Amino acid sequence: MDKQFLECFKKQKQHQEKVGQISYNQRIRMLNALHRAVEHTYRKDIIEALATDLGKPKVEAELTEIFQIIGTIKHAKSNLHKWMRPKKVATPLAMLGASSSYIHEPKGVCLIISPWNFPFNLTFGPLASAITAGNSVIIKPSEVTPRSSEVMGDIVKTIFKEEEVSLFQGAVETSTALLELPFNHIFFTGSPAIGKIVMTAAAKHLASVTLELGGKSPTIIDSTANLDAAAKKLMWAKSLNCGQICVAPDYILVEEGIKDKFLKSCKKWLVTFFGEDSKSSESYGRIVSDKHYKRLEQHIENAVSSGGKLIAGGQVDAASRFIAPTLIDNVDPEASVLKDEIFGPILPIVTYRSLDDAISYINTKERPLALYIYSRSKANIKTIIKNTKAGGTVVNNSNIQFGNHELPFGGINNSGVGKSHGFFGFEAFSNKRALMKQHTFGVTEMLFPPYTGFTEALTKFAVKWF
Ligand code: NAD
């Protein structure tokens, strides 16, 4: 065990014990400090780091990172009073003389392990929730986006005390060492494969977990859909951050008769967004690393060599880690793009004849983080929702569920465990502590031993009537 981690962990644990419930004012102070850092002091560094690590256009950096974090903080600040208030609940008549409520208390010392695709948003978003709930936090950001992790390290060191929030840089070994510590809660965002490793490590200490994972998020487009609007939104959702988004549409299930018209619209919108040559567009980013570039290039080669037809894109450039927004039709069901999570700007098209077929196809795969429906048929929308399971669903749009702080965000089974964002994030980092107060003589005392005919009759009465 690294001594530095252990010392920091001990300091945070002592801090939690000494302070007890971190006060409302202290939480607001910390949230304000993070808010100021992201909106003002470090804004330029954040934009520069995202351009360096991901080739992220400035508008995308502002919209998908800075705006999201600030929105999370503002929402938390305006709701914190309400969330921290004890919640009264009813007490059964059989417990007459007592009152009941529950409070949200901080879990204690928490670990946040984050990914690289929205490095700031997916680190500082959960951090804001952890602070809102009154915890101390150790952060391990991704090693894949080093400049972003460096800026986050500077921010954390400057605005927080070590016992409040600390950040350690590093890759697998750092995560592994940190996971040996008896954290009270672990919040992990990343792939399902690593999520299993994290959950196994958490089990050793029975730490609770929130696992924000990924997988293959399907999109169904039926013949009643507004095809041009669907194509526009989907081409945006799949090219934003180069498709390196956990909720990005992973594959399209399109009804047979409308496929050609839909694909024509998709091609039109790609040209409208990025011109004829997306490589020279300033509105289009890059793949994060050579490893991920190769993985995506192999996806295209594999799909095309097994009979897939390129509808759009397919252009790649290893030197700049560029992969054009790519649409592939006639994909072999065994091709890797239909087996593994794509996490890049490649969209395979699958044709279906009946809605039942589309639903069955989705249900043969792991439960997704997102399921998108493009349709104007209320009956079809209802049927799809009723017969599938997903972390979240958007009708006639994609990706936007992430931005509503009032909604629970997270997957189910392979796509995630637990929920985050807004109140659900506060809840994830809180223990719901039940409180009962006995005010007067309790009826239950009449049931104490020695058991007599009277206690037996009273028990029978209670079972029947309460
Ligand atoms: P990843 O699982 O490879 O890495 C995530 C984090 O885990 C990193 O900090 C990494 O250093 C650490 N890590 C890697 N190997 C580890 C190990 N053996 N033990 C302990 N820690 C380890 O994921 P990634 O490549 O950074 O991100 C892509 C994945 O994340 C995709 O599957 C995507 O869908 C998912 N994701 C999910 C969400 C969500 O909110 N649900 C958001 C973004 C990304």
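1. In this note, Ala, Val, Leu, Ile, Met, Phe, Trp, Tyr, Cys and Pro count as nonpolar, Asp, Glu, Lys and Arg as charged, and the others, Gly among them, as polar. By these classes, the shell around the ligand holds 16 nonpolar, eight polar and four charged residues. The reader should keep in mind that the model is predicted.

2. How many residues surround the ligand? The shell has 28 residues. A residue is counted here if one of its heavy atoms lies within 4 Å of the ligand. The closest are Lys140, Glu143, Ser191, Leu213 and Glu341.

3. Three polar approaches to the ligand deserve attention. The side chain of glutamate 341 places an N or O atom 2.6 Å from an oxygen atom of the ligand. Glutamate 143 has a polar side-chain atom 2.7 Å from a ligand oxygen atom. In the case of serine 175, an N or O atom of the side chain is 3.1 Å from a nitrogen atom of the ligand. As for exposure, the ligand taken alone would expose 850 Å², and the protein buries 91% of that area.

4. Where does the ligand sit? The ligand occupies the largest pocket. Three elements each give two or more residues to the shell around the ligand: α7 (172–178), β6 (185–189) and α8 (192–205). Helix α8 supplies the largest share of that shell, namely three residues.

5. The student may next consider the domains. Domain 1 is made up of 3–213 + 416–432, and domain 2 covers 218–403. Each of these two domains gives at least three residues to the shell around the ligand.

6. Two features of the backbone should also be noted. The first topic is a peptide bond: the one from proline 449 to proline 450 is cis, and its omega is near 0 degrees. Proline 450 belongs to the loop between β18 (430–438) and α15 (453–465).

7. The second topic is a backbone angle. Which sign does phi of asparagine 399 have, positive or negative? Phi of asparagine 399 is near 70 degrees, a positive value in a residue other than glycine. Asparagine 399 lies in the loop between β16 (392–395) and β17 (416–417).

Terms used: Residues numbered from 1 in each chain as written. Predicted model: local features only at pLDDT ≥ 70, side-chain atom pairs only at ≥ 80, totals over all residues. Heavy atoms only, no water. Polar contact = N/O pair within 3.5 Å; in protein donor to acceptor, adjacent residues only side chain to side chain. Areas by Shrake-Rupley, 256 points an atom, 1.4 Å probe, with all protein chains shown as cover. 1 Å grid on protein atoms, 1.4 Å probe; cavity = no way out; pocket = protein on both sides within 12 Å on 5 of 7 lines; lining within 4 Å. Sits in = over half its atoms within 2 Å of the grid points. Helix = DSSP H or I, 4+ residues; strand = E, 2+ residues; numbered from the N terminus. Domains from an automatic or database assignment.
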